[in-house]
Structure formats: structure tokens, C-alpha cells
Amino acid sequence: MDERPHGWERYLPGVAVLRRYEKPWLRGDLLAGITVAAYLIPQVMAYAVIVGLPSVVGLWAILLPLAIYAILGASRQLSVGPEASTALMTAAGIGTLVGAVGPERHAEVAAIFAIAVGIVCLAGWVLRLGFLAALLSRPVLVGYMAGIGVLMIVSQLGKVTKLKLTGDHPAQEVWSFLKQLPQAHLPTVALSLVLLTLLFLARRVAPRAPGPLIVLALGAAAVALFRLQRFGLDVIGEVPAGLPAPRIPALGDISLWALLPFAVGIAVVGYSDNVLTGRAFAAKRRESIDASQELLALGTANIATGLFQGFPVSSSSSRTVLGDAAGSRTQLHSLVALAAVIAVLLFAGPLLATFPTAGLGALVIYAATRLVDVAEIKRIARFRRSELILTLVTVVAVLAFDILIGIGIAIALSILDLIRRISNPHDGVLGYVPGVAGMHDVEDYPHAQQVPGLVVYRYDSPLFFANAENFLTRAEHAVVTAEQPVHWFLLNAEANTEWDLTAVDTLELLRENLESRGIVFAMARVKQETRDQLERTGFVERLGESRMFATLPTAVQGYAQWHEATFGTTPDGVPG
């Protein structure tokens with residue numbers, strides 16, 4: 001289990017981890033950093049082209065985010081920088097604004113977008129909106145990652161076949177792929193299949209070896225030694241050199257109101273990506289992710305990259321899973337990747353020139369298969385059918401709509417499923433079990449003995465408007481179906497940790513209904529916060545302090561004393 005940082009370490013979690021760095025982690029971080037660097041360099045260059053910028057801007061945009069997230073980020077595995085979803089959304093936003101301000105400001109508008117996204121994230125951090133990430137349940141996480149995995153595979157179909165796919169939707173791209181499949185470039189397909197097979201074999205035969213790095217190196221060596229480019233194979237080619245200079249982009253005549261919707265949308269998608277991916281990988285190692293800290297880290301990274309001529313960034317699932325597969329343990333692997341990018345920008349670009357793009361496509365497909373966790377989906381299916389449905393719907397939502405809408409649908413369904421379960425929770429009538437301390441549900445223990453004339457009732461949920469009527473119906477049913485005449489109804493309120501006014505009114509209605517039938521209403525194990533809420537409504541005054549008990553044993557003794565005073569005898573089954 002991970003240790004939660006305190007004091008200044010809470011705001012610099014990456015530094016806190018590096019201060020406690022363990023030597024056995026070094027090998028995995030070094031290999032992961034080199035592997036991720038080999039993949040991210042051509043990838044972020046491609047994302048820059050998607051945004052409509054020179055490819056070198058992609059390398060510029062990765063520099064400061066890698067360094068900043070290594071210091072501020074809450075995840076040990078997450079790889080931050082340019083990624084597909086935010087690149088596409090940025091391209092759409094720039095396309096809208098550039099028409100008004102002119103194409104000569106394309107790069108400047110991209111940098112303004114990055115700063116605006118950063119400001120939105122920092123505003124969310126100041127307002128403590130990180131709690132919204134708690135709405136993303138485990139089934140949503142698993143479904144989201146599986147959906148992203150499928151999207152990653154679809155995005156590489158053109159690269160591993162040298163086909164130009166068309167369509168604005170994954171289904172359209174797949175249909176375009178199937179229609180053009182007979183025209184696929186056979187040498188590209190062959191190399192992709194060979195490298196993909198080697199990647200899976202390396203994982204199976206030598207799981208601790210840097211398989212992705214070795215396979216990519218073999219692919220590059222094969223292209224260089226056998227001059228495979230003469231068969232039409234594409235390679236990365238020249239990598240531009242140079243480091244970015246800091247520059248404050250001018251807002252000029254750009255309308256803030258026109259900019260804001262795009263900035264908010266990119267921030268929401270980027271933040272959701274960060275938290276979803278970070279939590280999914282942290283869960284494997286029993287670590288935790290501070291959702292609010294992610295807003296700070298992502299906001300700072302975006303502002304910094306905007307000031308250095310970059311464009312909006314988020315986390316990359318593919319790079320994160322590659323680092324994880326290569327053995328990353330801390331954000332040191334991101335610093336290693338950063339050093340490799342700087343080296344490439346300064347003098348090592350020619351070393352990547354012979355990397356086949358088909359091999360990079362195979363690497364992405366290999367990484368994507370690791371995001372579809374079949375074993376976890378089976379575990380969810382065994383646990384509860386509704387959560388399996390939630391997982392599958394999340395997958396479909398991510399595939400059928402864009403990521404933002406897919407996440408929104410998944411969260412909405414998760415909340416509806418929560419309300420459904422809370423609105424009809426487990427309840428029970430309690431009794432004493434011979435040889436077992438305390439009081440227990442008589443349904444769980446058929447030989448449990450109830451105190452004659454006393455119904456001890458527990459409703460296992462917070463009480464609010466959605467389940468108030470259900471609570472009233474089932475509580476009265478417990479009285480009606482009692483085997484003996486009921487004198488007292490004792491509500492064990494230990495599970496009722498939250499109340500709203502509708503629930504309090506329903507509680508008062510239950511008390512009145514029972515007392516009209518000559519049944520005393522009492523409560524036990526009422527938490528102080530709950531008691532304060534009940535006092536503010538006047539319920540405690542109407543009930544009476546003598547009918548509020550701190551524990552179940554004192555409540556049962558209170559009933560026994562009442563019974564003796566009323567009937568002259570002590571009821572059976574009351575512990576001495």
C-alpha cells in the first residue's frame with residue numbers, strides 16, 4: 001500500500017516519491033523511459049500535424065509537461081503530453097477561430113488554447129472540483145480503458161496497411177478499412193504482422209525484458225540492413241532540430257467567449273483522461289490518485305507548454321501502457337524520456353530516421369490489447385450483472401460518441417445505478433444469536449431470537465428523497481409481519497449516515513403511524529451529526545430524549561425497564 005504524502009509533499013508528490021526512491025526500480029524506469037521516448041517522438045510529431053502545426057512543435061510541446069508532471073503529478077505511471085483526443089479538439093477550435101483572425105496566427109492561437117486550458121484546470125483546482133472524479137466507478141474505468149483500447153487499434157489500421165482510411169467515426173474507419181483491404185500494401189502488412197508477433201512472443205517468453213524497445217530496434221535494423229524502403233515501406237524520416245524559445249502569445253482580437261467553450265471542453269476531456277488512466281494503472285499496484293492534484297499538475301503543464309509555443313496536452317493511454325509494460329515504477333521514466341527527446345532535438349534525430357511507421361503502428365496495437373482487461377470484465381460479471389452492463393455500455397459509449405460524451409453517459413449511468421441500489425437497499429430485523437455477540441439479521445441466522453414485543457429494525461442506506469417511501473413501507477411491513485404483538489419499534493440508525501428533509505418528514509410520519517397504534521418509537525446508535533440534523537427539525541423534541549439511545553444494549557435495557565414498569569414482568573431474551 002502506498003504512503004500518502006503530507007505537508008509540502010502533498011503538492012509535490014513526484015518529488016516525494018523520488019526522495020524515497022529504491023534502487024530496484026531504476027532498471028524498469030530506465031527501460032520504460034527509453035521505450036516511451038522511442039514511441040512518443042514520432043507520435044507527438046504526428047499530433048502536431050493534426051493540429052495544423054509543424055511536426056517539430058509536437059516535440060516542443062512534450063518537453064515541459066514531462067518535467068512538470070514528474071514533480072506535480074499524482075500518478076507514478078502516467079505519461080503526459082500531446083495526445084489524440086485533445087489534439088483533434090484543438091484542431092477543431094483553431095479551425096473555428098483562425099477563420100476570424102487569419103491563418104498566420106495559427107501557432108499563436110494553439111498556444112493561447114494551451115494557456116486557456118491550463119487556467120480552466122487551475123480554476124477547478126482552486127474550487128476543489130476534483131471530487132467529480134469520484135463519480136468514475138471501477139466498471140466505468142474498466143469500460144473506458146477497453147473502449148480507448150479499441151479506438152487505439154482502429155486508429156492504427158491505416159498505418160499497418162498503408163491505406164488512407166476515411167470517416168469521422170470509428171465504425172466508418174473500420175468500414176473504409178474493410179473495403180480497401182485488398183489494396184493493402186503487402187510489405188507494410190507483413191512487417192507489421194512480424195513485429196506484432198514478436199511483441200507478443202517477447203511478452204510471453206521474456207516478460208521482464210524490454211520487449212517493445214528490442215522489437216522496435218530490430219525493425220529499424222531490418223529496414224536499414226535490407227534497404228526495405230525500396231519496397232515502399234514508410235519510415236519516420238528526418239527529425240527537425242532545435243529547442244523552443246519562451247514567448248507570451250498575444251490574445252489580440254480573439255474573443256474570450258469564443259475561446260472559452262473549446263478550452264473548457266478540452267480541459268474536461270484532458271482531465272478525465274488523466275484521472276481515468278491514472279486511477280486504472282494505480283489500482284494495479286494498490287496506489288491512489290489525488291484527483292485535485294491532477295488538476296494542478298495538468299493546469300500547470302498546459303500553461304507552461306503554451307508559453308513555449310506548444311498546444312494543449314493531456315495524458316496518453318498508449319504511452320502509459322508502454323511504460324508500464326516496460327517496467328516503469330516512478331515518474332523518473334518520464335524524465336528519462338524527456339532527456340531522450342532533448343537529445344533528439346539537439347543531435348540524435350538521424351538515429352530515428354529508419355524507424356518504420358508500420359512498426360510503430362504494431363506497437364500501438366500491442367499496447368492497446370493490454371487495455372482490454374478480459375479477466376477484470378469477467379470478475380465484474382461474476383460480481384453483479386448491473387455493473388457488467390455499466391462496463392459494456394461505457395465501452396459502447398466511448399466508441400459510439402466522442403470521449404467526452406462517452407464519459408458523460410457512463411457517469412450518468414453510474415449515478416443512476418447507485419440511486420437504484422440506494423433506493424431499495426438491504427434491511428433487516430435483528431435478534432440475538434446464541435454464542436454470538438451483538439444483534440444480527442434474523443434472515444442470516446434462522447435460530448436468532450427476537451426480544452418479545454420489540455422489533456429492532458435496520459435500514460442499510462443513507463435516507464433521502466429517493467428511498468424515503470421505500471423505508472416507510474418496509475419499516476411498517478416489519479411491524480405488521482412480526483410474530484408477536486409489537487410494543488416497541490427500535491430503529492438501529494448506524495447505517496443511516498445521511499438524511500435529507502424528506503427523510504426526516506418520513507421518519508416523523510412513521511413515528512406518528514406507530515404511536516397511533518400504541519407502539520413506542522425509539523432510536524439507537526444515532527451519530528452526532530445525524531442527531532444535530534434531527535434536532536434542527538424539532539424531531540428529537542417530539543420523540544423525547546428518553547427514546548434516543550447511544551447503543552443497542554442500552555436501548556434493549558430501556559425497553560426491558562419500560563416493559564417491567566408497564567406489565568410487571570421482564571421480557572424473555574433480554575441479556576443480563
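In this predicted model, strands β3 and β4 make a hairpin, with two residues sitting between them. One residue of the turn, G435, has a positive phi of about 85°. The two strands run antiparallel and are joined by four bridges. Within this pairing, L430 stands opposite D441 of β4.

The hairpin belongs to a bigger picture: an open sheet of six strands, ordered β4-β3-β5-β6-β7-β8, with mixed pairing. At the edges stand β4 (436-441) and β8 (548-549); each has a single partner strand, so one side of each has no neighbour in the sheet. Further in, β5 (residues 454-459) and β6 (residues 488-492) run parallel, with five bridges joining them. One of the pairings here puts L454 together with W488 of β6.

Helices pack on this sheet too. Helix α18 (residues 468-480) touches β3 (427-433), β5 and β6, and its direction makes about 155° with that of β5. Helix α22 (residues 552-567) lies across β3, β4, β5, β6, β7 (520-524) and β8. Relative to β6, α22 runs at about 170°.

Then there are the helices that pack against one another. Two packed helices are described by the angle between their axes and the distance between the axes. Take α2 (residues 25-51) and α13 (residues 332-348): their axes come within 7 Å and cross at roughly 45°. The two helices are therefore oblique to each other, and the crossing is right-handed. On the α2 side the contact is made by L26, D29, L30, A32, G33, I34, V36, A37, L40 and I41. On the α13 side, L332, H333, V336, A337, A340, V341 and V344 take part. Sorted by character, the residues of this contact come out as 14 nonpolar, two polar and one charged.

Helix α6 (residues 138-155) turns up in two such packings. With α14 (residues 357-369), the axes come within 8 Å and cross at roughly 165°, which means that α6 is roughly antiparallel to α14. This crossing is left-handed. The residues in contact are G149, M152 and I153 from α6, along with V364, I365, A367, A368 and T369 from α14. Six of the residues in the α6 contact with α14 are nonpolar and two are polar, with no charged ones.

The other partner of α6 is α10, packed at an angle of about 105° with the axes 10 Å apart. That angle makes α6 roughly perpendicular to α10. Here α6 contributes R138, L141, Y144 and M145. From α10 come D273, L276, T277, R279, A280, F281 and A283. Charged residues do appear in this contact: there are three of them, next to seven nonpolar and one polar.

Last come the aromatic rings, with a count of 14 aromatic pairs. In one of them, the ring centres of F113 and F262 lie 6.2 Å apart and the planes are at 85°, so the pair is edge-to-face. F113 sits in helix α5 (residues 106-126) and F262 in helix α10 (residues 256-284), so this pair ties together parts that are 149 residues apart in sequence.

Notes
Residues numbered from 1 in each chain as written. Predicted model: local features only at pLDDT ≥ 70, side-chain atom pairs only at ≥ 80, totals over all residues. Heavy atoms only, no water. Axes fitted to C-alpha atoms, helices over the stretch in contact; angles between N-to-C directions. Parallel < 35°, antiparallel > 145°, perpendicular 65-115°, else oblique. Left-handed = near helix turned anticlockwise from the far one by under 90°. Contact = heavy atoms within 4.5 Å. Nonpolar A, V, L, I, M, F, W, Y, C, P; charged D, E, K, R; others polar. Pairing = 2+ DSSP bridges. Phe/Tyr/Trp six-rings, centres within 6.5 Å; stacked < 30°, edge-to-face > 60°.
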